[in-house]
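Hi,

Here is the structure I promised to pass on. Have a look at it first, and then read my notes below.

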Amino acid sequence: MVTSNEDWIIDAGDAIVGRDVASLTPLERLIYCVWVADYGMQNAGDLTAAFDLYGPFHEEALQLSRELGLNVTHAAFALARADLEQQYFQRFDAICDELRGAGRRSIA
């Protein structure tokens, strides 16, 4: 069964894909990085496809999450690649919840 967070990250990523990166807010860029990671993890069970799709996603997610003060997301992307792959699905809902909350705060 697909969770609301799985639906959300797919929809949020789809809304961003194809837009000029320079026009994205830092939060949108971070959401894109998580979408890229999710793409790799859901489709291949690792981050290889994610690196192929957008190579700097891991570093960028780490930097943006720190800048935005999103500690849950930052802690996940501070992990080494192998550790993030291993723990991704356990951390996924908390990451999405944090991103969704940040999005609600930014439009309030």
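The protein chain has six helices and zero strands, so read along the sequence it simply goes α-α-α-α-α-α. Bear in mind that this is a predicted model. The radius of gyration of the protein chain is 13 Å, close to the 13 Å that the globule rule gives for 108 residues, so the chain is as compact as a globular protein of that length. Along the principal axes, its C-alpha atoms fill a box of roughly 35 × 30 × 25 Å. Of the 108 residues, 41% count as buried. As for contacts between residues at least 6 apart in sequence, 54% of them join residues at least 24 apart.

Next, the inside. The largest nonpolar core has 32 residues, and those with the most contacts inside it are I9, I31, V34, F57, F77 and L99. Helices α1, α2 (26-44), α4 (57-68), α5 (71-77) and α6 (81-107) each supply at least two residues of this core, and α2 gives the most, with 10 residues. That fits a common pattern: in soluble globular proteins, nonpolar side chains tend to be buried together. If you want one residue to click on, try V34: leaving aside residues up to four places away in sequence, V34 touches I9, F77, Y88, I95 and L99.

Helix α1 is a nice one to look at by itself. It runs over residues 4-16, and at 1.5 Å a residue its 13 residues should span 18 Å; the end C-alpha atoms are 18 Å apart, which agrees. Which residues of α1 are buried? They are N5, W8, I9, A12, G13 and I16. These cover an arc of only 120° around the axis, which puts them on the same side of α1. The spacing makes sense, because an α-helix has 3.6 residues a turn, so residues three or four places apart point the same way. On the face turned away from the buried side, α1 carries the exposed residues S4, D11 and A15. Just after α1, G18 takes a positive phi of about 90°.

Last, the cysteines. How many disulfides does a search of the whole structure find? Zero. Take C33 and C96: the sulfur of C33 has its closest cysteine sulfur in C96, and the two are 13 Å apart, too far for a bond. A disulfide would need the sulfur atoms within 2.5 Å. Both residues are tucked away from the surface in the sense that C33 is buried, with a relative accessible area of 0%, and C96 also counts as buried at 0% relative accessibility.

Cheers

How values were computed:
Residues are numbered from 1 along each chain as its sequence is written. This is a predicted model: local features need pLDDT of at least 70, side-chain atom pairs count only at pLDDT 80 or more; totals for chains, interfaces and linings use all residues. Side-chain values use heavy atoms; hydrogens and water are left out. Buried means under 20% relative accessible area, exposed over 50%, partly exposed in between (1.4 Å probe, protein chains only). Helices (H or I, at least four residues) and strands (E, at least two) are DSSP runs, numbered from the N terminus. The expected span of a helix is 1.5 Å times one less than its number of residues. The arc is that of the directions from the helix axis to the C-beta atoms. A nonpolar core is a set of buried Ala, Val, Leu, Ile, Met, Phe, Trp, Tyr and Cys residues joined through side-chain atoms within 4.5 Å. Contact means heavy atoms within 4.5 Å. The radius of gyration is taken over C-alpha atoms; the globule rule is 2.2 Å times the number of residues to the power 0.38.
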